[in-house]
Amino acid sequence: MTNTQFTEALAGLGIKQSDYARLIEVTGKSVSAWATGRVPVPGVVARHLEVLAALNALHAAHVLGLKPAPAVEGVRVDDLAGLQAAANLAPAPGNPAGQ
């Protein structure tokens, strides 16, 4: 993820850099360094934003009734199991399909 993609992802989610820093428990200087391109965006941060974007699209489509957004990096927004896998989350016990 480039610094431009990083800042666009935050903007698309309506998250300020300072709020994102608090959310993931890093300094504001780290987030600023990613946003300006002084330091590459870590892969785990890029994936986190991809999952947040997919969850945001899922929420918009199913809760708010808005037009579904396109898939994010191969994760369909209507596929809970895919979202769980993308986030490296295990399905709830007794619910292997994640439904």
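Select Arg 47 first: in this predicted model, the residue is partly exposed, with a relative accessible area of 27%. Add Glu 50 to the selection and display both side chains, which meet in a salt bridge at 2.4 Å, N to O. Glu 50, for its part, is buried, its relative accessible area being 17%. The two residues are separated by about one helical turn, because they stand three residues apart in helix H4, residues 43–62.

How many salt bridges does a search of the whole structure find? The search returns two. For the other pair, move to helix H2 and select Arg 22 and Asp 19, whose side chains meet at 2.3 Å, N to O. Both residues belong to H2 and lie three residues apart, about one turn of the helix. Arg 22 is exposed, at 56% relative accessible area, whereas Asp 19 counts as partly exposed, at 31%.

Continue along the chain into the loop that joins helix H2 (17–24) to helix H3 (28–36), and select Glu 25 there. Is this residue buried or exposed? Glu 25 counts as exposed, with 72% relative accessibility. Its backbone also merits inspection: the phi of Glu 25 is near 60°, a positive value in a residue other than glycine. As background, most residues other than glycine have a negative phi.

Now show H2 and H3 together as cartoons. Their axes are 8 Å apart, and the helices pack at an angle of about 120°. H2 and H3 are therefore oblique to each other. The crossing of H2 past H3 is right-handed. To see the contact itself, display Gln 17, Tyr 20, Ala 21 and Ile 24 on the H2 side, and Gly 28, Val 31, Ser 32, Trp 34 and Ala 35 on the H3 side.

Next, return to H4 and bring in helix H1, residues 3–13; the two axes come within 10 Å and cross at roughly 30°. An angle under 35 degrees counts as roughly parallel, so H1 is roughly parallel to H4. In handedness, the crossing of H1 and H4 is left-handed. Which residues meet here? From H1, select Phe 6, Ala 9, Leu 10, Gly 12 and Leu 13; from H4, select Val 45, Leu 49, Leu 52, Ala 53 and Asn 56.

Zoom out to the whole chain. The secondary structure consists of five helices and zero strands, and from the N terminus the elements run α-α-α-α-α. Of the 99 residues in the protein, 28% are buried. Among contacts between residues at least 6 apart in sequence, 43% join residues at least 24 apart.

Finally, colour the model by pLDDT. The mean for the protein is 77, and 64% of its residues reach 70 or more. Which element has the lowest mean pLDDT, and which the highest? Helix H5, residues 80–86, has the lowest, at 56, while H3 has the highest, at 97. End the tour at residues 89–99, where the pLDDT is below 50. Beyond near neighbours in sequence, this stretch has eight contacts in the model. Where pLDDT is low, the predicted coordinates should not be read in detail.

Conventions. Residues are numbered from 1 along each chain as its sequence is written. This is a predicted model: local features need pLDDT of at least 70, side-chain atom pairs count only at pLDDT 80 or more; totals for chains, interfaces and linings use all residues. Side-chain values use heavy atoms; hydrogens and water are left out. Helices (H or I, at least four residues) and strands (E, at least two) are DSSP runs, numbered from the N terminus. Buried means under 20% relative accessible area, exposed over 50%, partly exposed in between (1.4 Å probe, protein chains only). A salt bridge is a side-chain nitrogen of Lys or Arg within 4 Å of a carboxyl oxygen of Asp or Glu. pLDDT is the predictor's confidence in each residue, from 0 to 100. Contact means heavy atoms within 4.5 Å. Axes are lines fitted to C-alpha atoms, for helices over the stretch in contact, and angles run from 0 to 180 degrees between N-to-C directions. Angles under 35 degrees count as roughly parallel, over 145 as roughly antiparallel, 65 to 115 as roughly perpendicular and the rest as oblique. A crossing is left-handed if the near helix is turned anticlockwise from the far one by less than a right angle, and right-handed if clockwise.
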